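I set out to record what the model shows about its ligand site, its helix packing and its backbone geometry. The entries follow in the order in which I looked things up.

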Amino acid sequence: MNHTDHSADVRVPDDWFVGFHTGLVARFWRAAGATMADRDAEIVATLLDLPAGASVIDVPCADGRIALRLAAAGYAVTGIEIAKAEVEHARAVAAGAGLDATFVTGDLRALPDVGRADALVSWGNSFGYLRHADTVRSLAGMHGLLRPGGRLVLESMTVAESLLTGEIAERSETEFGGIVTRRTNRYNAAESRLETDYELSDGSGAVEHARAAHHVYTAAEVARLLAGAGFTDVCLLGEDGRTPYALGASRLIAVARAG
Ligand SMILES: C[S@@+](CC[C@H](N)C(=O)[O-])C[C@H]1O[C@@H](n2cnc3c(N)ncnc32)[C@H](O)[C@@H]1O
């Protein structure tokens, strides 16, 4: 666990996500993510549009909230995730429920060879974590994990037309699962990078600090990145996964085919 208190004037490191999703952060996201998991998994399954038995990769999968639901729906699922404890948690849940799901530790920057799948899902606002060169590498890696014609479903809440059309509150506070998360946000315009300092507390006196950054791309840039990685038929949808992506939508859902 490497959550330490940092001064806000020190740039959030490029590899902030290494060791981020542990402790109270992981517990907070597990509680928050659970509240929207059924709806998210339903949207994903609709967009996958694949018969039961089809193979699906979920990356990054965290505690497996989407992957486990897809496995329960009959897909052969492989989850990839950098946080070892999350991988172990997802494995334990899958084993307990007798689900056809495999979970492996892996990094978006150098995705492990888990074999080619019919579809790959990248959900939960996990796009934009990486430096640009690593984002390019990550999308190429996702393409390489799909069979020709395989489907990509990628979601982001930090695409410019979503994030920058609303107010970026300098401070905000949310609570899930008894964990209060206070955020201090800064938009680093020179790098199109949203940088956030977190303070999390669980009421027992435990307080943890963490930092994160999201690189912000326009929707057209996302489409170009996908095309550059070899994807075709790129379709940009809004929050419900049905309507076209539009200015002010709360999230972008990109669907594409591996060319
Ligand atoms: C907000 S969660 C979303 C997870 C999941 N897709 C969902 O919707 O529940 C983001 C996850 O990305 C993982 N992550 C961050 N950077 C990563 C990287 N470079 N490689 C693999 N996983 C990463 C984190 O550990 C965390 O579990």
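**Ligand site**

I began with the ligand and found one of its nitrogen atoms 2.8 Å from a polar backbone atom of Leu108. I note at the outset that this is a predicted model. I then looked up Asp107, where a polar side-chain atom lies 2.9 Å from a nitrogen atom of the ligand. For Arg65, I recorded a distance of 2.5 Å between an N or O atom of the side chain and an oxygen atom of the ligand. I next checked the cover: the ligand taken alone exposes 600 Å², and the protein buries 96% of that.

I listed the surroundings of the ligand, which comprise 19 residues. Those that come nearest are Pro60, Arg65, Glu81, Leu108 and Trp123. By class, I entered 12 nonpolar, 4 polar and 3 charged residues for this shell.

**Helix packing**

I turned to helix H1, residues 23–48, and helix H2, residues 65–72. I noted that they pack at an angle of about 45°, with their axes 8 Å apart. Angles that are neither roughly parallel, roughly antiparallel nor roughly perpendicular count as oblique, and H1 and H2 are therefore oblique to each other. I entered the crossing of H1 past H2 as right-handed.

**Backbone geometry**

I kept in mind that most residues other than glycine have a negative phi, and that most peptide bonds are trans. Which residues does a cis peptide bond join? I found Val59 and Pro60, with omega about -5°. I located Pro60 in the loop between strand E1 (55–58) and H2, and Pro60 is also among the residues that come nearest to the ligand.

My last entry concerns Ser192, which is not a glycine yet has a positive phi of about 45°. I placed Ser192 in the loop between strand E7 (179–188) and strand E8 (193–201).

Key:
Residues are numbered from 1 along each chain as its sequence is written. This is a predicted model: local features need pLDDT of at least 70, side-chain atom pairs count only at pLDDT 80 or more; totals for chains, interfaces and linings use all residues. Side-chain values use heavy atoms; hydrogens and water are left out. A residue is near a molecule or strand if one of its heavy atoms lies within 4 Å of it. A polar contact is a pair of N or O atoms within 3.5 Å; within protein, one must be able to donate a hydrogen and the other to accept it, and residues adjacent in sequence count only if both atoms are side-chain atoms. Accessible areas come from the Shrake-Rupley method with a 1.4 Å probe; for residues, only the protein chains shown count as cover. Ala, Val, Leu, Ile, Met, Phe, Trp, Tyr, Cys and Pro count as nonpolar, Asp, Glu, Lys and Arg as charged, and the others, Gly among them, as polar. Axes are lines fitted to C-alpha atoms, for helices over the stretch in contact, and angles run from 0 to 180 degrees between N-to-C directions. Helices (H or I, at least four residues) and strands (E, at least two) are DSSP runs, numbered from the N terminus. Angles under 35 degrees count as roughly parallel, over 145 as roughly antiparallel, 65 to 115 as roughly perpendicular and the rest as oblique. A crossing is left-handed if the near helix is turned anticlockwise from the far one by less than a right angle, and right-handed if clockwise.
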